[in-house]
Amino acid sequence: MKNNVTNKLRQHDAHALAKGYSPAIRAMDIGSIVSFVSLEALLVYQLWGNPHTGPWLLLSAVLLGYLAADFVSGFVHWLGDTWGSTTMPILGKAFIRPFREHHVDEKAITRHDFIETNGNNCAISIPVALGCVLMPHSSPSWVFLSSFLGSMIFWVMATNQFHKWSHMDEPGPVVAFLQRVHLVLPPAHHGIHHTAPYNKYYCITVGWLNKPLAMIAFFPTLERLVTWATGLLPRQDDIGTEAAAAVMESTAQGEAPVVQAAKALLESAEEPDSVSSARSST
Ligand SMILES: [Zn+2]
Ligand SMILES: [Zn+2]
């Protein structure tokens with residue numbers, strides 16, 4: 001299946017995609033980063049002196065926020081990789097283009113500066129940050145919700161930085177250690193996503209959710225639902241119509257890994273029985 005798809009790949013031109021980073025988008029990135037950091041700072045200030053804040057509440061909010069960010073990173077990455085095109089108004093240039101560029105030139109991200117790397121994720125996090133600072137913070141539940149969401153968007157912001165590190169040849173000893181113990185996205189783990197046809201392991205904060213989501217065929221199932229509802233072909237703009245159709249055909253035939261594992265387990269559980277019944281009948 002892989003060779004079949006690779007022959008059909010039709011991707012965008014890396015040079016043209018790189019040129020799409022216009023001064024207007026850069027200005028938007030700077031505005032997004034400044035607004036996001038200001039809102040997060042205001043939230044920390046609000047929570048600092050709050051009587052309902054405690055160390056266990058904060059610790060669980062930060063950890064759950066990390067897991068949630070991993071999921072959000074996967075979901076947004078899947079959306080960007082699979083649907084839409086670079087020619088769409090506003091969204092195309094600012095949001096879809098970086099996804100296309102990343103598949104044809106995965107090292108380009110290592111040449112992006114702090115603003116280009118982190119602008120987009122700050123932009124999508126601003127509405128959530130605004131919601132957090134406007135919450136009443138009048139009970140432990142409100143404080144937990146606000147800390148959880150505030151932590152989640154902090155990790156969402158950190159995601160492209162972690163992603164960038166996973167593509168660097170020499171990210172430095174501290175980052176390399178964090179990658180080795182899988183506390184941030186490890187390069188080999190993320191390499192699975194960068195294998196054509198780029199249709200799995202979308203989570204790029206830390207990647208802890210990639211295996212479980214693949215086991216339940218989470219993204220292929222969503223793709224079938226979207227195609228059923230809209231008639232759109234997943235990743236048509238990324239890899240071309242022929243390859244996209246070939247991928248869809250092959251995933252439609254397969255079963256979710258968790259179903260395959262359950263069947264294998266049932267078969268192995270039945271085998272001793274059939275052996276013993278065969279023995280008793282002789
Ligand atoms: Zn991708
Ligand atoms: Zn990547």
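**View 1. The largest nonpolar core of the predicted model**. This core has 19 residues, and those with the most contacts inside it are A129, M152, I153, V156 and M157. Helices α3, α4 (55-82), α7 and α8 each supply at least two of its residues. The most come from α8, which gives nine. One of the central residues, A129, touches F36, L39, E40, L43 and I153, leaving aside residues up to four places away in sequence. A second core, separate from this one, has 14 residues and includes W78, F162, C203 and L209.

**View 2. Packing of helix α7 against helix α8**. Helix α8 covers residues 140-167. The axes of α7 and α8 are 9 Å apart and the angle between them is about 180°. An angle over 145 degrees counts as roughly antiparallel, and α7 and α8 are therefore roughly antiparallel to each other. On the α7 side the contact is made by T117, N118, N121, C122, S125, V128, A129 and C132. Facing them in α8 are S146, L149, G150, I153, V156, M157, T159, N160, Q161 and K164. By type, the residues of this contact divide into eight nonpolar, nine polar and one charged. A129, I153, V156 and M157 of this contact are also among the residues with the most contacts inside the largest nonpolar core.

**View 3. Crossing of helix α3 with helix α7**. Helix α3 spans residues 23-48 and helix α7 spans residues 114-134. Their axes come within 7 Å and cross at roughly 40°, which makes α3 oblique to α7. The crossing is left-handed. The residues of the contact between α3 and α7 comprise 15 nonpolar, six polar and four charged.

**View 4. S22 in the loop ahead of helix α3**. S22 lies between α2 (14-19) and α3. It has 12 other C-beta atoms within 10 Å and is therefore exposed, since the limit for that class is 12 or fewer. S22 and A94 are 72 residues apart in sequence, yet their C-alpha atoms are 8.9 Å apart in space.

**View 5. H182, a residue with positive phi**. H182 is not a glycine, but its phi is positive, at about 55°. The residue is in the loop between α9 (173-180) and α10. With 12 C-beta neighbours inside 10 Å, H182 counts as exposed.

**View 6. The cis peptide bond at P197 and the neighbouring Y198**. The peptide bond from A196 to P197 is cis, and its omega is near 10°. P197 belongs to the loop between α10 (187-191) and α11 (210-215). Y198 is found in the loop between α10 and α11 as well. Phi of Y198 is near 55°, a positive value in a residue other than glycine. Y198 is buried, because 22 other C-beta atoms lie within 10 Å and the class requires 20 or more.

**View 7. The whole chain, for orientation**. The chain has 15 helices and zero strands. It contains 282 residues, of which 32% count as buried. Among contacts with a separation of 6 or more, 71% are between residues 24 or more positions apart.

Notes: Residues numbered from 1 in each chain as written. Chains lettered and ligands numbered in written order. Predicted model: local features only at pLDDT ≥ 70, side-chain atom pairs only at ≥ 80, totals over all residues. Axes fitted to C-alpha atoms, helices over the stretch in contact; angles between N-to-C directions. Helix = DSSP H or I, 4+ residues; strand = E, 2+ residues; numbered from the N terminus. Parallel < 35°, antiparallel > 145°, perpendicular 65-115°, else oblique. Left-handed = near helix turned anticlockwise from the far one by under 90°. Nonpolar A, V, L, I, M, F, W, Y, C, P; charged D, E, K, R; others polar. Contact = placed C-beta atoms within 7 Å. Core = buried A, V, L, I, M, F, W, Y, C linked by C-beta atoms within 7 Å.
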